[in-house]
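This report covers the salt bridges first, then the fold and the confidence of the model.

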Amino acid sequence: DPYYQTPHVYFCGYRDDGMYLSSEDMMKDVDEDYVLRTVTLDPHPFGLVDHTCLSVHPCMHASTMSHMIS
């Protein structure tokens, strides 16, 4: 992200059969404290996928990733 000078992380969820998860199903994996605040649904900025992705807002990248990894 040019403003925050941090990575802007996008996640795309897939089902066992290789199809994309719905936006609702992807949000089920996000802690409610982060839903639509720190983690939002956005298209991939470079068009690498043709589906909405979960996007971790750059201002909260470090603390969110730390929480997700633990």
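In this predicted model, Arg15 and Asp17 form a salt bridge in which the closest N and O atoms are 2.7 Å apart. Arg15 is partly exposed, at a relative accessible area of 41%, and Asp17 is exposed, at 51%.

The structure holds 2 salt bridges. The other pairs the side chains of Lys28 and Asp25, with an N to O distance of 3.2 Å. Lys28 and Asp25 lie 3 residues apart in helix H1, so about one helical turn separates them. Lys28 counts as exposed, because its relative accessibility is 64% and the cut-off is over 50%. Asp25 counts as partly exposed, at 30%.

| Salt bridge | N to O distance |
|---|---|
| Arg15 and Asp17 | 2.7 Å |
| Lys28 and Asp25 | 3.2 Å |

The protein has 2 helices and 3 strands, in the order β-α-β-β-α from the N terminus. Its radius of gyration is 12 Å, which agrees with the value near 11 Å for a compact globule of 70 residues. Along the principal axes, the C-alpha atoms fill a box of roughly 35 × 25 × 20 Å.

Of the 70 residues, 29% are buried. The exposed surface of the protein is about 5,000 Å², and carbon and sulfur atoms supply 55% of it. Among contacts with a separation of 6 or more, 55% are between residues 24 or more positions apart.

The mean pLDDT of the protein is 83, and 96% of the residues score at least 70. Among the elements, helix H1 (residues 23-28) has the highest mean pLDDT, 90, and helix H2 (residues 61-69) the lowest, 71. Where pLDDT is low, predicted coordinates should not be read in detail.

Definitions and conventions
Residues are numbered from 1 along each chain as its sequence is written. This is a predicted model: local features need pLDDT of at least 70, side-chain atom pairs count only at pLDDT 80 or more; totals for chains, interfaces and linings use all residues. Side-chain values use heavy atoms; hydrogens and water are left out. Helices (H or I, at least four residues) and strands (E, at least two) are DSSP runs, numbered from the N terminus. The radius of gyration is taken over C-alpha atoms; the globule rule is 2.2 Å times the number of residues to the power 0.38. Buried means under 20% relative accessible area, exposed over 50%, partly exposed in between (1.4 Å probe, protein chains only). Contact means heavy atoms within 4.5 Å. Accessible areas come from the Shrake-Rupley method with a 1.4 Å probe; for residues, only the protein chains shown count as cover. pLDDT is the predictor's confidence in each residue, from 0 to 100. A salt bridge is a side-chain nitrogen of Lys or Arg within 4 Å of a carboxyl oxygen of Asp or Glu.
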